[in-house]
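Trainee: I am new to this structure and would like a close look at a single part of it. Please take the sheet, describe how it is put together, and then follow its contacts outward.

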Amino acid sequence: MREDRFVEERAVRWAELRDLLGRAQTRGIRSLSGREARRLGVLYRAATTDLAEARTFRFSEATVQHVNRLCVAAHGVVYAGGTRGRVMQRLADTLAVTFPRLVRRTWRFHAVAAAAVLLPLAATWIALAGDPDLAERAVGGAARARAERLAALPAESRRYLDLPDPWLPVLSWGIMANNIRVTLMGFAFGVTAGVGTLALLAYQGVHIGGLLAVFHDAGVGDLLWTFMAAHGPLELTAIFVACGAGMRLGLSLLIPGRRSRAAAFRDVGRESVALLVGTSAMLVAAGLIEGFLSPSDAPAPVKWAVGAATFALAVAWFVLGGRRADGPAADPA
Amino acid sequence: MSEPEPHGSLLEQRLEIETPERVRIAHDLAGIGSRFAAGAIDVFLLTLVFGVLFVIVAVAYGVARPRTEEAQMALGIAVVGGYFAALSAYYIGFEWAWSGQTPGKRMLKLRAVSQDGGPAPASAIFLRNLLRIVDILPGVAPYGVGGVVMFANARAKRVGDFVAGTVVVRERAEAPTAFAPADPSALPGDALSASDLARVRAFASRSRQMTAASRRDVAHRIAEEIAARHGLAFADAEEFLRVLARGRTPRELRDAQGPRA
């Protein structure tokens, strides 16, 4: 076959495809009518055949390139639908099966993340207790001023957070979004071979430990404990899980095993999405508690009970979730 | 799964994949320049959105008048949270709804796709946009980390692309400049016909394997034909063909050498 004849015969069809593609690319596939969308599919398949033909006859690079570009552009539009469909079902599967299984399988990393918070927390508390000057330099003067102001109030009007009711939804939403942000950052910083994640975790530990030391020194430590009791366990657990996933990501870069580094990075990254979805759900629950129950006047035992119950539920979820579907046939993705 | 190796020139990297129709197609990978341009458009649009949000928050602040320190703190936290939520909704929402495109990418006809060439799954879109917080570090030089990483690999991937296993490809469908028009007689002298171009290119690629004598002979025959068709003169047939193979049109040649004596 002669190349000029080949080009001449197909030029009209290619122009039609180019026109449909131009509209689909700039205004979206929905701007095409049903008939046009079907026509796009037909023209795309014809163009792939043209491409194979142009290669077989070794036509000039210009012709092959042109048909190739058409095919690439059309391929992007024709096979664009893969990311959607049954989102709720997939989300439910992720939370019920994939997430708890993955937490079980990668528990060591989450344990390390927990240690990375709790050890600095304890160390800071011990180091700063009874040393207000050091505490002020470590966590700033604002915390101490606040603790002393609270200590000066009569016991029955002391509240860690004194917020008028209309502001509670605002606070709750803000806390939720911020906790999710910080937690996702903890994961993302895992790409620094885990160093960034560890730093972020240690910082959190130092911050909480410093607050505890300052409030205990001022004699109002119970106020802080009661405030944290309801939401803290669930929130910290979520942070441990997400940051553990971040460190696993960092380790995959350092020790990729038999895969290439890029492949290991990608595999672990994609797998981690389930962990992030799960922890985000946990943080939404924790944010609701932190925004509404924690600042409320509910008695301390209620807050402690809620904290213990949510923690127990989370652990049960990790330990028992997805067990029934366990089996060789189950798809881990 | 083994990764297809990028090949082609340094400036125009390609990603070859096989479509479900069992035809190999080669994506042009988007370069750093076009990706930054698309990113700049997105940042501009986001700035507009945040401008509107800022007005809403300012009005809400005026109406609600938070007096206590705690209420102001609650508002502050909510604003930071809202900023993060809007940012995530923009990038993840658009790339999810438009299958790998933000408004900036759509304007420049770029698309984030899975590196096997198929559409990027929702998890990959989530990840590549989540990792933006690493790529934009340090904040003073936006996308400092991302930029360095993009320079350091052949496919111009940023950190988010590595974790998500995605690449950004170009989807221009228009004809390349060297493409011969379907009807060569429509533009006499402007471009070589497809078959002439094919002959010129074939000569250029094979000339090294020919003996000097046959090379001179073949070059002269082809050059004579083309020159006659377009009203051109040439001194050295081989040089003439090499210039044509590099993409000069006969009209450019004519302008360069003046009218035929």
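**The sheet of chain B and what lies around it**

Mentor: In chain B, four strands form an open sheet in the order β1-β2-β4-β3, and the pairing is antiparallel. The edges are taken by β1 and by β3 (110–114) of chain B; each has a single partner strand, so one side of each has no neighbour in the sheet. Direction ignored, neighbouring strands of this sheet are turned against each other by 50° on average. Please keep in mind that this is a predicted model.

The strand to follow is β2(B), residues 24–29 of chain B. On one side, β2(B) is joined to strand β1 (residues 14–18) of chain B by five bridges, and the two run antiparallel. Two of the pairings can be found by name. B:Ile17 has B:Ile25 in β2(B) as its bridge partner, and B:Glu18 stands opposite B:Arg24 in β2(B). β1(B) and β2(B) make a hairpin with five residues between the strands, where B:Arg22 takes a positive phi near 65°.

On β4(B), residues 166–170 of chain B, the pairing with β2(B) is again in the antiparallel sense, over two bridges. Here B:Asp28 stands opposite B:Arg170 in β4(B), while B:Leu29 stands opposite B:Val169 in β4(B). A general point helps when reading such pairs: in a regular strand the side chains alternate between the two faces of the sheet.

β2(B) is also mostly covered, with five of its six residues buried. For the chain as a whole, buried residues make up 42% of the 261 residues in chain B. Chain B has 11 helices along with its four strands. Of the contacts in chain B with a separation of 6 or more, 55% are between residues 24 or more positions apart.

The next step leads from β2(B) into the other chain. The buried residues of helix α2 of chain A pack against β2 (24–29) of chain B, together with α1 (3–27) and α3 (61–78) of chain A. The buried residues of α2(A) are A:Leu40, A:Gly41, A:Leu43, A:Tyr44, A:Ala46, A:Ala47, A:Thr48, A:Asp50, A:Leu51 and A:Ala54. α2(A) covers residues 34–56, which is 23 residues, and reaches 34 Å from its first C-alpha to its last, close to the 33 Å expected at 1.5 Å a residue. Just after α2(A), A:Arg58 takes a positive phi of about 50°.

Helix α9 (residues 195–217) of chain A also has 23 residues, which should span 33 Å at 1.5 Å a residue; its end C-alpha atoms are 33 Å apart, so the two values agree. Just after α9(A), A:Gly219 takes a positive phi of about 85°. A residue to pick out in helix α9 of chain A is A:Leu211. Its relative accessibility is 16%, so A:Leu211 counts as buried, the cut-off being under 20%. Not counting residues up to four places away in sequence, A:Leu211 touches A:Val139, A:Ala143, A:Tyr160 and A:Leu224. The C-alpha atoms of A:Leu211 and A:Ala138 are separated by 9.8 Å, with their positions 73 residues apart along the chain.

Another helix pair in chain A is α4 (residues 87–105) and α13 (residues 300–320), which pack at an angle of about 85° with their axes 7 Å apart. α4(A) is therefore roughly perpendicular to α13(A). From α4(A), the residues A:Leu95, A:Phe99, A:Pro100, A:Val103 and A:Arg104 meet A:Trp317, A:Phe318, A:Val319 and A:Leu320 in α13(A). The residues of this contact divide into eight nonpolar, no polar and one charged.

Last comes A:Arg248, in helix α11 (residues 232–254) of chain A. A:Arg248 counts as buried because its relative accessibility is 12%. Leaving aside neighbours within four places in sequence, A:Arg248 is in contact with A:Arg105, A:Thr106, A:Phe109, A:Val268, A:Glu271 and A:Ser272.

How values were computed. Residues are numbered from 1 along each chain as its sequence is written. Chains are lettered from A and ligands numbered from 1 in the order in which they are written. This is a predicted model: local features need pLDDT of at least 70, side-chain atom pairs count only at pLDDT 80 or more; totals for chains, interfaces and linings use all residues. Side-chain values use heavy atoms; hydrogens and water are left out. The expected span of a helix is 1.5 Å times one less than its number of residues. Buried means under 20% relative accessible area, exposed over 50%, partly exposed in between (1.4 Å probe, protein chains only). Contact means heavy atoms within 4.5 Å. Two strands pair if DSSP finds at least two bridges between them. Axes are lines fitted to C-alpha atoms, for helices over the stretch in contact, and angles run from 0 to 180 degrees between N-to-C directions. Angles under 35 degrees count as roughly parallel, over 145 as roughly antiparallel, 65 to 115 as roughly perpendicular and the rest as oblique. Ala, Val, Leu, Ile, Met, Phe, Trp, Tyr, Cys and Pro count as nonpolar, Asp, Glu, Lys and Arg as charged, and the others, Gly among them, as polar.
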